[in-house]
Amino acid sequence: MGSRQRFRALIAVACAITVFGLYALVTGPDTGNAAPPAGARAPGTGVMEVSPVPDGTGPAPDGAGPAPARTPAPAPAPPEGPEQVAARYFDAWRAGDYPAMALLVADPPADFAVRHRSFDSDLRITSISLTPGAPSQPGAEAAEIPFTGTREVQGMGPWDFASVLRLARRDGAWKVLWSPETLHPSLAGGGSLRIVEVPVPRPAVLTAEGRPFPRDSRAGDYFTGLEGTAEDLELREEPSGRVLLAARAPERPGARTTISRPVQAAAARALDGVEQPAAVVAVDVRTGQVRAVADTLGGKRAFTGLYPPGSTFKTVTAAALLRSGLTPDSPVPCPAAYTLPNGRHFDNDGGTGHGTVPLSMAFALSCNTTFAQQAYERLRGGGLRAEAADRFGFREKPGDLSACRIQEAATADDLGADAIGQHSVLASPLCMAEVAAAVASGTWRPAIKTEQPPAGASAPVPLDEGVAAALRAMMSAVVVRGTAARAGLPPDTAGKTGTAEVQGARSHAWFIGYRGELAFAVFVQHGGSGAATAAPIAARFLRAL
């Protein structure tokens, strides 16, 4: 072969190598299984291969099933807005999911969950409902959502409130800006909320008006259950003290008594500052119902204690003398001192004599000498004891509240001492209030603590009307120009002072009287002078009504 022919052969080989290399690049390294290009004929055949179309609807390669459909990738979710974040926060709050709430808060405090739990525990919250309002967005980075809520407070009921949920954008996401007032507006600025148990009176017994006894009534020995209380609940804002929710204890009707609340209050306050044991007792003139009993004697001694009544008993002695024939105008001697025939010596208080005076003035000036002498001259033979026992209740009375007694005078000395409320004469303050009421009404009747006299109570005893009228004038003179004239008693008061001697101790102080429909007795154990101690207490009592 010539050189030209060899050159042509080399060119042909080079072309073949180039074509082969291009073919290899197109078909890849798989030399036995690769599919020919689209539109090419399969090796060794005259058939054109067809590739699958992109939507999977064309024919599949040999030996393959239908081509699966391709799903487009989902688009990314848009970021949550403030309303969506707030909705999730409220949902978590309703469920009590405090960790989930904290994840929605920008910089939550370390004790976030503890604060919520303590709030609910301290205020006895059992459930909460929340209702978002219309949002506002002051700026692109801040939002506010007002909301209302109702908390159910155990034992108190529903508690409505309103607040604002504030949000701000932090690192591209919306977050809740939490503060204590988010829980409740009252917590702003360090405020607090607390439930306070407020004791309220719920006594077993009430006054005649259906109200609790007054504070410090000094009647607890006579009526049980005066200090009974219940508890109101108040949910308070501190430090303002404003009450946000209150639950009042249910009313329980107590038993009504005959006690008048204003009269009882006046009696109790009249004893304020009195250092010695004392009592003020008041009864209704017409019915005998007890209207007040203020007692610091203890042991119900205002009703049952027995003390010498001193000159207050001259009211009973005067009634007996009037029945014997004397009148208020009858002249009687009132010397400074008097000695019974072959008997005891009697002195007036202060050793003062007044000469001969009307019986009413001897009564007003409380002349011991007059009453000892007149009793000796007119009431021997049991006249004084009969007057006291039969008409003024000085006897054993098992069915009555009061206690008082007098014995038969064995000697003239005994009679003289009894006439001025000493020796065997003993009485409780209630008994002496009954004496004053008998003068005021004209009928002695036993004091009662019920609407009607109980079975076994003593029957009323009418006084002679002339005797009762004379006693009224004489008791009025005591206040106008007698021993109680300087006590400050209000107008239209009638009464009698008493200073009862006690052997080896200071005298007892007494004042009995009436005004309007109220009769009363004031007693101060070892209080000294009735005019100086007991009568001013009576004045405080009456002026407080």
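Helices (H or I, at least four residues) and strands (E, at least two) are DSSP runs, numbered from the N terminus. By this reckoning Glu237 lies in strand 8, which covers residues 229-238, and the chain as a whole holds 15 helices and 23 strands. The structure is a predicted model, in which local features need pLDDT of at least 70 and side-chain atom pairs count only at pLDDT 80 or more, while totals for chains, interfaces and linings use all residues. Residues are numbered from 1 along each chain as its sequence is written, and side-chain values use heavy atoms, with hydrogens and water left out.

The term pLDDT stands for the predictor's confidence in each residue, on a scale from 0 to 100. Its mean over the chain is 89, and 86% of the residues reach 70 or more. Over residues 1-7, however, the pLDDT is below 50, and this stretch has one contact (heavy atoms within 4.5 Å) in the model beyond near neighbours in sequence. Residues 9-61 also stay under 50 in pLDDT, and for them the model has 23 contacts beyond four places in sequence.

Of the 545 residues of the chain, 45% count as buried, where buried means under 20% relative accessible area, exposed over 50%, and partly exposed in between, with a 1.4 Å probe and protein chains only. Among contacts between residues at least 6 apart in sequence, 63% join residues at least 24 apart.

Glu237 in strand 8 can now be described further. Its relative accessible area is 13%, so Glu237 is buried. Its side chain and that of Ser186 are joined by a polar contact of 2.6 Å; such a contact is a pair of N or O atoms within 3.5 Å, and within protein one must be able to donate a hydrogen and the other to accept it, while residues adjacent in sequence count only if both atoms are side-chain atoms. Leaving aside residues up to four places away in sequence, Glu237 touches Ser186, Ser192, Leu193, Arg242 and Leu244. Another glutamate, Glu275, is found in the loop between helix 6 and strand 11, and with a relative accessible area of 77% Glu275 is exposed.

The loop of Glu275 leads to strand 11, which belongs to an open sheet of five strands in the order 12-11-23-22-21, with antiparallel pairing. Strand 12 (290-295) and strand 21 stand at the edges with a single partner strand each, so one side of each is left without a neighbour in the sheet. Neighbouring strands of this sheet are turned by 10° against each other on average, direction ignored. Two strands are said to pair if DSSP finds at least two bridges between them.

Strand 21 and strand 22 run antiparallel and are joined by eight bridges; Ala494 has Tyr514 of strand 22 as its bridge partner, and Ala500 stands opposite His508 in strand 22. These two strands form a hairpin with two residues between them, and Gly504 in the turn has a positive phi of about 75°. Strand 22 is also joined to strand 23 by seven bridges, again in antiparallel fashion, with Val522 in strand 23 as the bridge partner of Phe511. Here too there is a hairpin with two residues between the strands, and Gly516 in its turn has a positive phi of about 65°. Eight of the eleven residues of strand 22 are buried, so this strand is largely enclosed by the rest of the structure.

Helices lie against this sheet. Helix 6 lies across strand 11, strand 12 and strand 23, and runs at about 25° to strand 12, axes being lines fitted to C-alpha atoms, for helices over the stretch in contact, and angles running from 0 to 180 degrees between N-to-C directions. Helix 14 (residues 465-481) packs on the sheet as well, touching strand 21 and strand 22, and its direction makes about 75° with that of strand 21.

Helix 15 (residues 530-543) has buried residues that include Ala534, Ile537, Ala538, Phe541 and Leu542. What covers the buried residues of helix 15 includes helix 6, strand 11, strand 21, strand 22 and strand 23. At the start of helix 15, a side-chain oxygen of Ser529 reaches to within 3.2 Å of the backbone nitrogen of Ala531.
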